[in-house]
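Me: I should like to understand how the terms used for a protein model are justified. Please take me through the reasoning step by step.

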Amino acid sequence: MGQPKGGVAFPRRFAAGSGPCTCCGRTGRALRYCRFRKVTGLLLVTRTSDTLGILCRDCAIQCFVDSTVHNLIFGWWAGRAFLFLNPAAIISNTYVLLKGPAWLGEDDKDLISRYVASFEPRNE
């Protein structure tokens, strides 16, 4: 689990039945937080985008394949992307698929907080 400021723990893995996959919506599966990076080289500039969510195994594999194929085809067409960003994204995506994200950014914590809060009982 990641430890943000304030001592609140953010889970990276969720037990089966803890909620739906944010990609396919199926329930009853073990879920985990994933963030896959896509790099697009555009000759002089580079564009990156992230696919993130709390995913079941099948969706995590599908997002990994989509991101890796995109990186292998479109990630090499700018100098900075060719040398640094694309190899780092491919290695990072492989690590995320096998182990989970190494760190959690603010947008990651926000997504996980909203996901967990959606299943907490509400006092009305």
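**Reasons behind the terms**

Reply: In this predicted model, a nonpolar surface patch of about 1,100 Å² is formed by L42, L43, L44, V45, I61, V65, V69, L72, I73, F74 and W77.

Me: Which helix gives the most to the nonpolar patch?

Reply: Helix α1, residues 57-74, gives the most, with six residues. V69 lies in helix α1.

Me: Why is V69 called partly exposed?

Reply: The relative accessible area of V69 is 42%. A residue is buried under 20% and exposed over 50%, and partly exposed in between. The value of 42% falls between these cut-offs, therefore V69 is partly exposed. Membership of a patch requires over 30% relative accessible area, and the 42% of V69 meets that condition.

Me: How many aromatic pairs does a search of the whole structure find?

Reply: The search finds two aromatic pairs. In one of them, the rings of W76 and F82 have their centres 5.7 Å apart and their planes at 70°.

Me: What makes the pair of W76 and F82 edge-to-face?

Reply: A pair of aromatic rings is described by the distance of the centres and the angle of the planes. Rings pair if their centres lie within 6.5 Å, and the 5.7 Å between W76 and F82 satisfies this. Planes over 60 degrees apart count as edge-to-face, so the angle of 70° gives the pair that name.

Me: Why are W76 and F82 each called partly exposed?

Reply: The relative accessible area is 29% for W76 and 46% for F82. Partly exposed residues lie between the cut-offs of 20% and 50%. Therefore W76 is partly exposed at 29%, and F82 is partly exposed at 46%.

Me: How do you know that strands β2 and β3 pair?

Reply: Two strands pair if at least two bridges are found between them. Eleven bridges join β2 (residues 31-42) to β3 (residues 45-55), so the condition is met. The two strands run antiparallel, and C34 stands opposite G53 in β3. Together β2 and β3 form a hairpin with two residues between them. In the turn, L43 has a positive phi of about 60°; L43 also belongs to the nonpolar patch.

Me: What pattern does the protein follow along the sequence?

Reply: The pattern is β-β-β-α-α-α, with three helices and three strands in the protein. Buried residues make up 36% of its 124 residues.

Technical notes:
Residues are numbered from 1 along each chain as its sequence is written. This is a predicted model: local features need pLDDT of at least 70, side-chain atom pairs count only at pLDDT 80 or more; totals for chains, interfaces and linings use all residues. Side-chain values use heavy atoms; hydrogens and water are left out. Helices (H or I, at least four residues) and strands (E, at least two) are DSSP runs, numbered from the N terminus. Patches are made of residues with over 30% relative accessible area and no salt bridge: like charges are joined within 9 Å, nonpolar side chains (Val, Leu, Ile, Met, Phe, Trp, Tyr) within 5 Å. Accessible areas come from the Shrake-Rupley method with a 1.4 Å probe; for residues, only the protein chains shown count as cover. A salt bridge is a side-chain nitrogen of Lys or Arg within 4 Å of a carboxyl oxygen of Asp or Glu. Buried means under 20% relative accessible area, exposed over 50%, partly exposed in between (1.4 Å probe, protein chains only). Rings of Phe, Tyr and Trp (its six-membered ring) pair if their centres lie within 6.5 Å; planes under 30 degrees apart count as stacked, over 60 as edge-to-face and the rest as tilted.
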